[in-house]
Amino acid sequence: MRIPPAPAIVATDLDGTLLRRGDTVSPRSRAALARAVSAGARHLIVTGRPVPGVRDVLAGIGYRGPVVCGQGTQLYDSDTARLLRSVTLDRELADTALGKIEAEVGPVFAAVDQDGTDGRTLIEPGYRMAHVGLPAVRVRLRAELWAAPVIKVLVRHPELSDDELTAAARAATGDLATVTMAGPGTVELAPHGVDKGTGLALAADVWGLDPMHTIAFGDMPNDLPMFQRSGHGVAMANAHPELRAAADEVTLSNEEDGIAVVLERLFA
């Protein structure tokens, strides 16, 4: 089992990984992360959520320091409440990408996450949020999605599965965008070449650390680039088969404190 001898970074996804139902973190997981930090490791949250969607979680667990948000498009400093880096998706390219996808699979429903620490999530008619607890603003026309800079586009299809839509979107968009599956009902388009792996590398550079000294936890294919940049990737028991196949280790589910099980072993 190829685990860094002393992981310098413990990188955790949120939904389906660190968070349980109700966006909560168990006392056991909190204690295990605190033990890792007290031993000298850095806890890094790496999430597909944009900054506004993580603030309550960060406050709830007393998280400090940088956070990788928006599939790697944002590096947010939770101490100063400011963005250290942000990469936007060209809106004309995004609209073109949607057109190419629809030419292949028929009409889709779209949403966008706007740039900035207070950026809104806008959803067009027919789009249904996968996470009902995250705020969103409904618009009347797709053109309204492009009113302000965006970091990513979320796409849903009325009939195709997430795997089918992801494959079709990748084939249709080519190098216009990075296409990933972030969760059930959550297929996303980010700027080309930007993903959780590039976000992890950027955060590690801020700390002056080698990202290969990272142990990373995730549950969906969007976590694969983070695994590839890490020394050891751990998939949750509830993870997508693609991520489980690529992981160095599979732990228990997020509801069963899978992260804590591994960290208790490493930082005993």
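Which residue follows helix 2, and what is the sign of its phi? In this predicted model, helix 2 is followed by glycine 40, whose phi is positive, near 110 degrees. The helix itself comprises the twelve residues 27-38 and reaches 16 Å from its first C-alpha to its last, close to the 16 Å expected at 1.5 Å a residue.

The burial pattern of helix 2 is one-sided. Its buried residues are Ser29, Ala32, Leu33 and Ala36, and, viewed down the helix axis, they fall within an arc of 95 degrees, so they line one face of the helix. An α-helix has 3.6 residues a turn, so residues three or four places apart point the same way. The face turned away from this buried side carries Pro27 and Ser38, both of which are exposed. The cover over the buried residues of helix 2 includes strand 1 (9-12), helix 1 (14-18), strand 2 (42-46) and helix 9 (258-266).

With respect to helix 9, the axis of helix 2 comes within 9 Å of its partner and crosses at roughly 35 degrees, and the crossing is left-handed. The contact is made on one side by Arg28, Ser29, Ala32, Leu33 and Arg35 of helix 2, and on the other by Ala260, Val261, Leu263 and Glu264 of helix 9. Ser29, Ala32 and Leu33, which take part in this contact, are also among the buried residues of helix 2.

Elsewhere in the chain, six strands form an open sheet of mixed pairing, in the order 8-7-6-9-11-10. Strand 8 (137-138) and strand 10 (178-183) stand at the edges, and each has a single partner strand, so one side of each is left without a neighbour in the sheet. Within the sheet, strand 6 (residues 109-114) pairs with strand 7 (residues 121-123) in the antiparallel sense over three bridges, and alanine 111 stands opposite isoleucine 123 of strand 7.

Two helices are associated with this sheet. Helix 4 (residues 91-105) lies across strand 6, strand 9 (150-156) and strand 11 (186-190), running at about 15 degrees to strand 9. Helix 5 (residues 162-173) packs on the sheet and touches strand 9, strand 10 and strand 11, its direction making about 165 degrees with that of strand 10.

Glutamine 114, a residue of strand 6, has a relative accessible area of 8% and is therefore buried, the cut-off being under 20%. When residues up to four places away in sequence are not counted, glutamine 114 touches Gly119, Arg120, Leu122, Ala148, Pro149, Val150 and Ile151.

Terms used
Residues numbered from 1 in each chain as written. Predicted model: local features only at pLDDT ≥ 70, side-chain atom pairs only at ≥ 80, totals over all residues. Heavy atoms only, no water. Pairing = 2+ DSSP bridges. Helix = DSSP H or I, 4+ residues; strand = E, 2+ residues; numbered from the N terminus. Contact = heavy atoms within 4.5 Å. Axes fitted to C-alpha atoms, helices over the stretch in contact; angles between N-to-C directions. Expected span 1.5 Å × (residues − 1). Buried < 20%, exposed > 50% of the residue type's maximum accessible area, 1.4 Å probe, protein only. Arc of directions from axis to C-beta. Left-handed = near helix turned anticlockwise from the far one by under 90°.
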